[in-house]
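Work through the exercises below with the model at hand. Each task is followed by a stepwise solution.

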Amino acid sequence: MLPRQQDIPFFAHQLPWVLRNKGVIDPESIDQYIARDGYFAAARALTEMTPEDILQEMQKSGLRGRGGAGFPVHLKWKFAYRETSGVKYVLCNADEGDPGAFMDRSILEANPHSVLEGMLIAAWTINADQGFIYCRTEYPLALERLQIAIDRAREYGLLGSDILCSGFGFDLEIYQGAGAFVCGEETALMRSIEGGRGMPRPRPPFPAQKGLWDRPTVLNNVETLANVPLIILEGGDWYASVGTEHSKGTKVFALSGDVRNIGLVEVPMGTSLRSIIYDIGGGIPGKREFKAVQLGGPSGGCVPAEYLDLPVDYEAISRAGAIMGSGGMIVMDQRTCMVDMARFFMDFVQEESCGKCTPCREGTMRILEILDRIRAGEGVIQDLWELEDLSATIRDSSLCGLGQTAPNPVLSTLKYFPKEYEDHIRNKKCPARKCIALVKFRVNPDKCTSCGLCHKNCPSGAVRWKKKQPAEIDPQKCIKCMLCLDKCMFDAID
């Protein structure tokens with residue numbers, strides 16, 4: 001007998017609210033979405049509820065922004081609702097730029113109408129008549145299905161003027177971003193829609209008072225908006241029944257890296273990292289040991305094995321030195337070099353910095369130079385102090401969230417893996433053998449079985465081998481491609 005989905009461990013431990021229609025309906029069919037209670041929440045909001053009623057339900061739900069900061073959604077909407085401007089906007093941030101993150105993309109591709117419905121409810125609440133979905137050009141299928149969803153919603157009278165005979169009008173259009181990571185920051189995103197270069201501006205004033213074209217604006221990310229119809233349809237108390245005291249509902253994570261089961265995972269807030277990685281993810285392949293998990297992408301931090309029982313909520317993750325972020329979760333085993341990992345994320349942030357403020361523009365470059373020097377075996381102990389000092393300066397004085405959180409991967413790896421930094425500096429050694437300049441290969445004759453695989457796969461002829469004799473590596477010819485290390489079945493090369 002074929003197993004049911006709920007019998008498969010990967011799905012059995014999940015609670016699909018946001019992903020409830022993924023793989024169940026045709027995302028290009030508005031009829032199938034309606035058949036699954038789609039737009040019922042919008043109909044209820046427009047015909048039975050006042051903006052005050054909606055704000056009350058949103059407050060009861062405890063929904064916090066899923067884009068990273070975790071700001072209470074009802075407060076953001078309330079600030080914009082209180083503004084008396086004749087023109088207001090609702091924006092959806094679909095500019096998902098974290099490495100290894102694909103939550104928003106999947107929602108847009110599998111269930112685009114849920115996002116449109118959430119925006120419609122937000123627009124009714126704050127009295128906005130225009131909305132924009134800011135989606136990066138690298139998501140062609142998501143863009144195509146979003147446009148189909150908007151067109152179908154207009155045909156059914158769910159967008160446009162006099163929606164559901166309520167007298168309320170709201171319409172949407174898509175704005176394609178060019179892939180700049182900084183445009184995930186709300187004020188930079190708005191500047192990009194206005195036709196300017198995507199660069200953040202100082203706050204206050206906040207977007208709820210002066211946002212797009214200096215008008216009151218509500219901006220939420222894809223996952224946040226996809227939760228809204230559930231709350232209005234089922235009630236704020238129902239939504240708040242799942243989660244922790246300060247983090248309600250579910251959260252979607254993109255589980256990737258050194259784990260058996262890779263994919264999107266939606267779990268109740270408060271689920272432990274151990275449950276996500278081992279019960280859902282199936283643990284670490286190849287009988288290797290878990291080393292750390294990177295939470296929150298370039299803005300997050302590395303959480304070590306001692307925190308595996310940490311509950312996934314905003315406060316607990318923050319205390320561990322990371323952030324929830326948009327939901328990236330990259331699992332690492334003992335083969336990962338934490339110095340190299342910190343360098344990878346710092347290189348990404350430095351490349352994506354808009355350059356507007358000096359701490360982020362110059363500070364991230366300086367940190368990157370120090371990390372490169374350490375990986376090359378040229379670091380000194382004073383570099384560790386300088387990394388901490390620079391990180392504190394960048395965090396405390398950068399203009400926007402990109403710069404303020406940029407040092408997190410460095411600070412978290414310094415905190416939890418100081419010995420790796422010291423090995424690179426004092427012993428000129430990379431324990432994970434990822435920093436090529438510090439790697440020196442040798443064959444352990446006690447483990448070598450003289451199988452010849454290393455010799456056959458060496459592209460530079462650096463491995464000398466004879467039958468029934470341990471192999472030898474010529475350091476002058478070795479190009480450190482690591483093929484011999486990967487091909488050896490007996491861990492004879494170290």
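**Exercise 1: burial in a helix**

In this predicted model, state which residues of helix H18 are buried.

Solution. Step 1: locate H18 at residues 408-416. Step 2: apply the cut-off, under 20% relative accessible area for a buried residue. Step 3: list the residues that pass, namely Asn 408, Pro 409, Val 410, Ser 412, Thr 413, Leu 414 and Tyr 416. Step 4: with 7 of its 9 residues buried, H18 is mostly covered.

**Exercise 2: a strand and its partner**

Determine how many residues of strand S4 are buried, and in which sense S4 pairs with strand S1.

Solution. Step 1: S4 spans residues 217-221, and 5 of its 5 residues are buried. Step 2: sort them by face; Thr 217, Leu 219 and Asn 221 lie on one side, Val 218 and Asn 220 on the other, and both faces are covered. Step 3: turn to S1, residues 89-94, which pairs with S4 in the parallel sense over 5 bridges. Step 4: within this pairing, Asn 220 of S4 has Cys 92 opposite.

**Exercise 3: two packed helices**

Classify the packing of helix H6 against helix H7 and describe the contact by residue class.

Solution. Step 1: H6 (residues 103-110) and H7 (residues 112-126) have axes 5 Å apart, at an angle of about 95°. Step 2: angles of 65 to 115 degrees count as roughly perpendicular, so H6 is roughly perpendicular to H7. Step 3: H6 contributes Ile 107, Leu 108 and Ala 110 to the contact, and H7 contributes Pro 112, Ser 114 and Val 115. Step 4: by class, the contact has 5 nonpolar residues, 1 polar residue and no charged residues.

Terms used
Residues are numbered from 1 along each chain as its sequence is written. This is a predicted model: local features need pLDDT of at least 70, side-chain atom pairs count only at pLDDT 80 or more; totals for chains, interfaces and linings use all residues. Side-chain values use heavy atoms; hydrogens and water are left out. Buried means under 20% relative accessible area, exposed over 50%, partly exposed in between (1.4 Å probe, protein chains only). Helices (H or I, at least four residues) and strands (E, at least two) are DSSP runs, numbered from the N terminus. Two strands pair if DSSP finds at least two bridges between them. Axes are lines fitted to C-alpha atoms, for helices over the stretch in contact, and angles run from 0 to 180 degrees between N-to-C directions. Angles under 35 degrees count as roughly parallel, over 145 as roughly antiparallel, 65 to 115 as roughly perpendicular and the rest as oblique. Contact means heavy atoms within 4.5 Å. Ala, Val, Leu, Ile, Met, Phe, Trp, Tyr, Cys and Pro count as nonpolar, Asp, Glu, Lys and Arg as charged, and the others, Gly among them, as polar.
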